[in-house]
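Trainee: Before we go through this model, could you show me how each label is earned, by setting the value against the rule that defines it?

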Amino acid sequence: MAETTLHDLKDLGATELAAALPAAAPRYEQRLDPYGRAYATGKRKDAVARVWVKPGKGAITVNGRDIAQFFARPTLRMIINQPFVVADRVGQFDVMCTVSGGGLSGQAGALRHGISKALTHYEPDLRSALKGVGFLTRDPRVVERKKYGKRKARRSFQFSKR
């Protein structure tokens with residue numbers, strides 16, 4: 001590196017700082033498998049969802065069963081459909097997924113996370129809309145571990161004077 005004499009801060013900004021700054025924000029590209037599907041993994045609590053998204057009529061298959069069979073509660077189905085509502089793509093994509101671990105609520109959250117990520121892999125322009133409502137962020141809250149000398153994570157044994 002050649003020695004240069006700097007007389008003020010303007011000279012410093014023109015030489016080293018300009019070279020260190022990135023040119024522009026990263027441009028996301030479409031990522032598809034050989035079958036034309038976008039794949040993503042979603043997680044929530046102990047649940048993990050593997051999600052494949054492709055253009056279709058809006059059918060959602062979970063572990064080989066229809067979504068209405070697997071998730072009987074309407075609130076869970078509403079959680080799963082939220083990424084399509086936010087992205088204004090209701091009924092335009094078929095979803096095939098496998099979920100494991102956790103309970104139904106965690107699995108629905110993992111599925112929402114996976115669908116959101118897979119949609120951004122299929123259509124990178126949807127990233128700002130889905131990131132704005134927080135669907136691309138993995139919820140870090142998990143069950144607190146049990147401590148020794150306690151009945152649960154924080155619950156103590158019942159005190160008895162006798």
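**Labels and their cut-offs**

Mentor: Let us begin with the rings: by the rule for ring centres, the count comes to three aromatic pairs. Y39 and W52 make up one of these, with 5.1 Å from centre to centre and 45° between the planes. Please keep in mind throughout that this is a predicted model.

Trainee: Why is the pair of Y39 and W52 called tilted?

Mentor: The centres of Y39 and W52 are 5.1 Å apart, and rings pair if their centres lie within 6.5 Å, so the two count as a pair. Their planes stand at 45°, and because stacked requires under 30 degrees and edge-to-face over 60, the label that remains is tilted. The pair links distant parts of the chain, with Y39 in strand β1 (residues 38-44) and W52 in strand β2 (residues 47-55), 13 residues apart.

Trainee: What makes W52 buried, and what is Y39 by the same rule?

Mentor: W52 has a relative accessibility of 15%, and buried means under 20%, so W52 counts as buried. Y39 has a relative accessible area of 33%, which lies between the 20% and 50% limits and therefore makes Y39 partly exposed.

Trainee: How do you know which label the pair of F93 and Y122 deserves?

Mentor: The ring centres of F93 and Y122 are 5.3 Å apart and the planes meet at 80°; because over 60 degrees counts as edge-to-face, that is the label. F93 lies in strand β5 and Y122 in helix α4, so the pair ties together parts that are 29 residues apart in sequence. Both F93 and Y122 are buried.

Trainee: What makes R127 count as a charge over the ring of Y28?

Mentor: R127 lies over the face of Y28, at 4.5 Å from the ring centre, and the distance limit for such a contact is 6 Å, so the distance condition is met.

Trainee: Why is the contact between E123 and R89 called a salt bridge?

Mentor: The side chains of E123 and R89 meet at 2.8 Å, N to O, and the rule asks for a side-chain nitrogen within 4 Å of a carboxyl oxygen, so the contact qualifies. E123 lies in the loop between α4 (104-122) and α5 (127-132), and R89 in the loop between α3 (74-87) and β5 (93-100), so the pair ties together parts that are 34 residues apart in sequence. The count by this rule comes to seven salt bridges. Among them is the one between K147 and E144, at 2.4 Å, N to O. K147, at 25% relative accessibility, is partly exposed, and E144, at 38%, is partly exposed as well.

Trainee: What makes R141 exposed, and which residues are linked with it in a network?

Mentor: R141 has a relative accessibility of 55%, and exposed means over 50%, so the label follows. R44, D139 and R141 are linked in a network of salt bridges, in which the side chains of D139 and R141 meet at 2.8 Å, N to O.

Trainee: How do you know that β2 pairs with β1 and with β5?

Mentor: Seven bridges join β1 to β2 and eight join β2 to β5, and because a pairing needs at least two bridges, both sets of strands count as paired. β1 and β2 run antiparallel, and so do β2 and β5. T41 has R50 in β2 as its bridge partner, while W52 has M96 in β5.

Notes
Residues are numbered from 1 along each chain as its sequence is written. This is a predicted model: local features need pLDDT of at least 70, side-chain atom pairs count only at pLDDT 80 or more; totals for chains, interfaces and linings use all residues. Side-chain values use heavy atoms; hydrogens and water are left out. Helices (H or I, at least four residues) and strands (E, at least two) are DSSP runs, numbered from the N terminus. Buried means under 20% relative accessible area, exposed over 50%, partly exposed in between (1.4 Å probe, protein chains only). Rings of Phe, Tyr and Trp (its six-membered ring) pair if their centres lie within 6.5 Å; planes under 30 degrees apart count as stacked, over 60 as edge-to-face and the rest as tilted. A charge sits over a ring if NZ of Lys or CZ of Arg is within 6 Å of the ring centre and within 35 degrees of the ring normal.
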